[in-house]
Amino acid sequence: MSDNDDLSLPRATIQKILTEILPNDSCLTKEAREALIECCINFIMIVATESNDIAEQELKKTISTDHVISALHNLGFDHYIPILEEFVESCRNNAKIKEKRKESKFVKSGLTEEELLAKQQELFKASRERLQK
Amino acid sequence: MADTVKIESDTNEASDTTTSFAGLTGYRQMKTHFPSARVKKLMQSDEDVGKVAQATPLVVGRAVELFMCALVEKALEESQHSHTKKISVQALKKVIDSNEEFDFVTDVCDKYINAAANETTDN
């Protein structure tokens with residue numbers, strides 16, 4: 001346990017989640033909470049190991065979300081999969097929106113990269129002058 | 001548990017129509033999430049685990065949350081049978097032992113049961 005001490009799940013987060021999901025009048029004993037944390041860590045570890053094996057079988061060096069989902073299937077947690085797929089999808093949509101925003105800012109300026117660079121230099125120069133005054 | 005798991009191709013948000021299982025209600029109530037950096041670190045504490053995609057720790061984090069909710073929800077049910085409001089390690093152990101999907105953590109509870117026993121004798 002000693003080498004796991006610095007690598008655990010944050011207790012404050014666990015406590016916060018527990019108060020969110022438990023009815024007001026119930027709680028866990030101190031030992032039960034510790035045991036629960038250890039169970040969660042074990043869960044992360046088996047999922048990590050299993051997804052790593054799947055990634056290796058596919059000759060991939062990076063573990064993707066698909067590998068995690070297949071790992072959960074292999075470990076018998078199929079019922080989690082639809083919810084996680086939903087979550088992956090929402091992540092993807094968020095990323096797309098962000099990308100669009102980034103893109104549009106550049107496109108909106110209507111300038112080429114060189115023009116923007118020149119503009120930046122101008123701004124630098126202006127502020128330098130302001131400083132020297 | 002052996003309910004058919006529907007995988008809808010056009011899954012959008014609020015798909016309450018999909019199968020419900022222990023832990024799902026808790027998961028939906030949850031606003032706090034595990035920090036993905038920590039999840040990633042834990043994953044990579046296994047030496048064999050190399051690189052992971054950006055979204056991977058997030059998904060693993062959600063999976064742990066589902067798992068934790070299922071465990072807590074069942075343990076709560078268990079302690080309600082014995083009319084206690086504090087969930088004990090014993091209740092947690094009983095849940096783990098009686099559900100096949102939790103069999104990888106069967107031996108976790110034992111040392112905490114001992115710790116709890118020692119504490120009571122110390123006092």
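Helices here are DSSP runs of H or I at least four residues long, and strands are runs of E at least two residues long, numbered from the N terminus. Counted that way, chain B has 5 helices and 2 strands. Keep in mind throughout that you are looking at a predicted model.

**Stop 1: chain B on its own**

Select chain B and walk along its sequence. The elements come in the order α-α-β-α-β-α-α. Of the 123 residues in this chain, 37% are buried. Among contacts in chain B with a separation of 6 or more, 38% join residues 24 or more positions apart.

Now narrow the selection to helix α4 of chain B, residues 89–98. Is this helix mostly covered or mostly open? Mostly covered: 7 of its 10 residues are buried. To see them, pick Val89(B), Gln90(B), Ala91(B), Leu92(B), Lys93(B), Val95(B) and Ile96(B).

**Stop 2: chain A and its two domains**

Switch to chain A and colour residues 1–76 as domain 1 and residues 79–133 as domain 2. The contact between the two takes 4 residues from domain 1 and 5 residues from domain 2. On the domain 1 side, 2 of the contact residues are nonpolar, 2 are polar and none are charged. If you place a marker at the centre of each domain, using C-alpha atoms, the markers will be 34 Å apart.

**Stop 3: where the chains meet**

Show both chains together. Here 56 residues of chain A are in contact with 58 residues of chain B. On the chain A side, at least two residues each come from α1 (11–21), β1 (27–28), α2 (30–57), β2 (62–63), α3 (65–74) and α4. Which of these elements gives the most? That is α2(A), with 18 residues. By class, the chain A side has 33 nonpolar, 12 polar and 11 charged residues.

**Stop 4: two helix crossings**

Stay with α2(A) and add helix α2 of chain B, residues 36–44. Their axes come within 9 Å and cross at roughly 65 degrees, and the crossing is right-handed. Show side chains for Ile41(A), Ile44(A) and Ala48(A) on α2(A), then for Val39(B), Leu42(B) and Met43(B) on α2(B), since these residues make the contact. The contact has 6 nonpolar residues, no polar ones and no charged ones.

Next, select helix α4 of chain A (residues 81–109) with helix α3 of chain B (residues 56–81). These axes come within 10 Å and cross at roughly 145 degrees. This crossing, too, is right-handed. From α4(A), pick Ile83(A), Leu84(A), Phe87(A), Val88(A) and Cys91(A). They meet Leu58(B), Val59(B), Arg62(B), Ala63(B) and Leu66(B) in α3(B). By class, this contact has 9 nonpolar residues, no polar ones and 1 charged one.

**Stop 5: a strand pair across the chains**

Select β2(A) and strand β1 of chain B, residues 51–52. In which sense do they pair, parallel or antiparallel? They run parallel, over 2 bridges. Find Thr62(A) and look across to Lys51(B), which stands opposite in β1(B).

From there, step to Ala53(B), in the loop between β1 and α3 of chain B. Beyond its neighbours within four places in sequence, Ala53(B) is in contact with Thr62(A), Ile63(A), Ser64(A) and Thr65(A). Why does Ala53(B) count as partly exposed? Because it has 17 C-beta neighbours inside 10 Å, whereas a buried residue needs 20 or more and an exposed one has 12 or fewer. For a sense of scale, draw a distance from Ala53(B) to Ala22(B): the two are 31 residues apart in sequence and 29 Å apart in space, C-alpha to C-alpha.

**Stop 6: two loop residues with positive phi**

Back in chain A, select Leu59(A), in the loop between α2 and β2. Although Leu59(A) is not a glycine, its phi is positive, about 55 degrees. Leu59(A) is exposed because it has 6 other C-beta atoms within 10 Å, and the cut-off for exposed is 12 or fewer.

For the last selection, go to His83(B), in the loop between α3 and β2 (86–87) of chain B. Its phi is also positive, near 55 degrees, in a residue other than glycine. His83(B) is exposed, with 6 other C-beta atoms within 10 Å.

Key: Residues numbered from 1 in each chain as written. Chains lettered and ligands numbered in written order. Predicted model: local features only at pLDDT ≥ 70, side-chain atom pairs only at ≥ 80, totals over all residues. Domains from an automatic or database assignment. Contact = placed C-beta atoms within 7 Å. Nonpolar A, V, L, I, M, F, W, Y, C, P; charged D, E, K, R; others polar. Axes fitted to C-alpha atoms, helices over the stretch in contact; angles between N-to-C directions. Left-handed = near helix turned anticlockwise from the far one by under 90°. Pairing = 2+ DSSP bridges.
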